[in-house]
Amino acid sequence: MAGSVRAMVMVGPGRPVEGRRVAAPRPQPGGAILETLASEVCGTDVHLWHGRLAGVPYPIIPGHVSCGRILETAGALEDVDGRPLHVGQVVTFFDVFGTCGSCWHCLVARSGTRCPRRRVYGITTSAEEGLLGGWAERIEIRPGVRMAPLPDGLDVADFMGGGCGLPTGLHAVERAGVALGDVVVVQGSGPVGLNAAIFSLLSGAQAVFVAGAPEARLAAARALGADDVLDIAAVSDPAARVRWVRDRTAGRGADVVIEASGNPQAVREGLEMLRDAGRYAVVGQYTDAGDVTLNPHAHLNRRHATVLGCWGYEYTHLHRALALMARHRGRFRWRDLITREYALEDAGQALLDMERLAVVKALIRPQDARP
Ligand SMILES: [Zn+2]
Ligand SMILES: [Zn+2]
C-alpha cells in the first residue's frame, strides 16, 4: 500500500499483537511527524496486555516513551528553551497531552497528573485515532505535545536505556524527599526501581539498598552503585527481608523506602523496613494488583510514617532527568540496561520476554524491521 506505514496493534487483553498497515500520518497545525527510531516495551505494556489498567481504549498502539527523527512539522516549532525544532533532529517527547490547565485538579490542587483530561501516548490513545504510540514506523506529535531534543552527547540508546523509568524514578525520589545522608531502600529492581536508586544517589543518599529479582536486574543495581542488594527470590520470608534492612541500619530501618515493585504485599513489608518518622513513597502500583492488610497502629500511627503516592510524571521530570542523564552518563550506564532490541514485527516476543522478566529493558527499533 503506497503512503502507508507499519504499526503493531494490541487489539485487546490476552490477544496476540497484530501487525497492521495504516495511512502515513500528516501533522495537524502546530504538530509534527516523527520517524520512530526506538520505542520501549515496559512493565506497563505487560499490564496493558493483561488488561489490568482501567479505561484503556483497545485497540491501541503501545509504546509510550520513544525517540524519533523529525520528518515533518506543520508550522514553526520550538522546544521549552525557545530553540527552534527542525526536520532531521532527533528528539524524544513528553508522552502526555490534553492536560487542560483549567480544571479543579490543574488549578486548585495543582496536581496535573490527576487532570481528568490528561491522556498518555500508547496507553489511553486508541489505534483508531492515529499513530499515537511508538510501536510504529511513525509517530504523530499532536499540537502542544512538548518535544525535547536529546542533549549533546546523548544518543538514542542512552535515553531509551532510561525510558519511562527515568522521569518516573526522578519523580518518586522528589516526592519521597530524599535528602543528603539518607539511607534509602528501593523495593523493585525494574527500570523504575533502578532509576529511583540512581536519583537517590544523586540526591546525596549515604546508602542505597535494592530489594528485587531476578539476578540480572540485581546485577544492574550493583553496577550502578547500589550498596547492597537483596534477592527476594532467595529470601522468601518477609520478616527475613525486613531484618536484612534493619541489620544494615543499626536496627532502625531506612529513612526512605521507595516501592517500585508492583506487588501489593511489598507495601506492608516496605513500611516495616521504614524507620520511625520515615518517608514511604509508592510508585510501583501503577495498575490494580489487589489489596493488602496493614496494621494502622504499627505501620502508620506509632511509626509516625509519611506515606506518599506518586502518579505519573510531568514535563519537568523528563526535562531535568534528561539534563542529569547528560551530566552523569559516565557514572551511570543507562544504555547497559537495554537487554535486547527487537524489530517492529517482534513486538509480541518482546512482550513475552518482558512478562517473564527475561529482559531489564526491551527496545523496539522500527527502522531495523524488514518490510
Ligand atoms: Zn485539568
Ligand atoms: Zn513505560
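**Exercise 1. Which residues of helix H7 (residues 238–247) are buried, and what covers them?**

*Solution.* The structure is a predicted model.

Step 1. Apply the cut-off: a residue counts as buried when its relative accessible area is under 20%. In helix H7, the residues that meet this condition are Ala240, Arg241, Val242, Trp244 and Val245.

Step 2. Identify the cover. The elements over these buried residues include four strands, namely S12 (183–187), S13 (207–212), S14 (228–231) and S15 (254–259), together with helix H8 (265–272).

Step 3. Examine the start of H7. There, the backbone nitrogen of Ala239 has a side-chain oxygen of Asp237 within 3.1 Å.

**Exercise 2. Determine which residues coordinate the zinc ion (ligand 2) and how they are spaced in sequence.**

*Solution.*

Step 1. List the donors. The zinc ion (ligand 2) is bound through SG of Cys42, NE2 of His64 and SG of Cys164, at 2.1 to 2.2 Å.

Step 2. Write the spacing. Along the sequence, the donor residues of this zinc ion follow the pattern C-x21-H-x99-C.

Step 3. Locate the pair Cys42 and His64, which links distant parts of the chain. Cys42 belongs to the loop between strand S3 (32–41) and helix H1 (43–49), whereas His64 belongs to the loop between H1 and S4; the two are 22 residues apart.

Step 4. State the exposure. Both Cys42 and His64 are buried.

**Exercise 3. Establish whether Ser66 is buried or exposed, and describe its surroundings.**

*Solution.*

Step 1. Place the residue. Ser66 lies in strand S4 (residues 66–73).

Step 2. Compare its area with the cut-off. Ser66 is buried because its relative accessible area is 0%, and the limit is under 20%.

Step 3. Find its contacts. Leaving aside residues up to four places away in sequence, Ser66 touches Ala38, Ser39, Val91, Thr92, Phe93, Gly134, Ile139, Phe159 and Met160.

Step 4. Look for a polar partner. The side chains of Ser66 and Ser39 are joined by a polar contact of 3.0 Å.

**Exercise 4. Describe the second largest pocket: its volume and its lining.**

*Solution.*

Step 1. Give the volume. The second largest pocket holds about 290 Å³ of space.

Step 2. Name the lining. Of its 16 lining residues, those nearest the centre are Asp79, Arg83, Pro149, Leu150 and Pro151.

Step 3. Assign residues to elements. Strand S11 (147–149) and helix H10 (315–328) each contribute at least two residues to this lining. H10 gives the most, with 4 residues.

Step 4. Classify the residues. The lining comprises 10 nonpolar, 2 polar and 4 charged residues.

Methods: Residues numbered from 1 in each chain as written. Chains lettered and ligands numbered in written order. Predicted model: local features only at pLDDT ≥ 70, side-chain atom pairs only at ≥ 80, totals over all residues. Heavy atoms only, no water. 1 Å grid on protein atoms, 1.4 Å probe; cavity = no way out; pocket = protein on both sides within 12 Å on 5 of 7 lines; lining within 4 Å. Points joined across faces, edges and corners; volume = space filled by probe spheres on them. Nonpolar A, V, L, I, M, F, W, Y, C, P; charged D, E, K, R; others polar. Buried < 20%, exposed > 50% of the residue type's maximum accessible area, 1.4 Å probe, protein only. Contact = heavy atoms within 4.5 Å. Polar contact = N/O pair within 3.5 Å; in protein donor to acceptor, adjacent residues only side chain to side chain. Donors = N, O, S within 2.8 Å, 3.2 Å for Na, K, Ca; no water.
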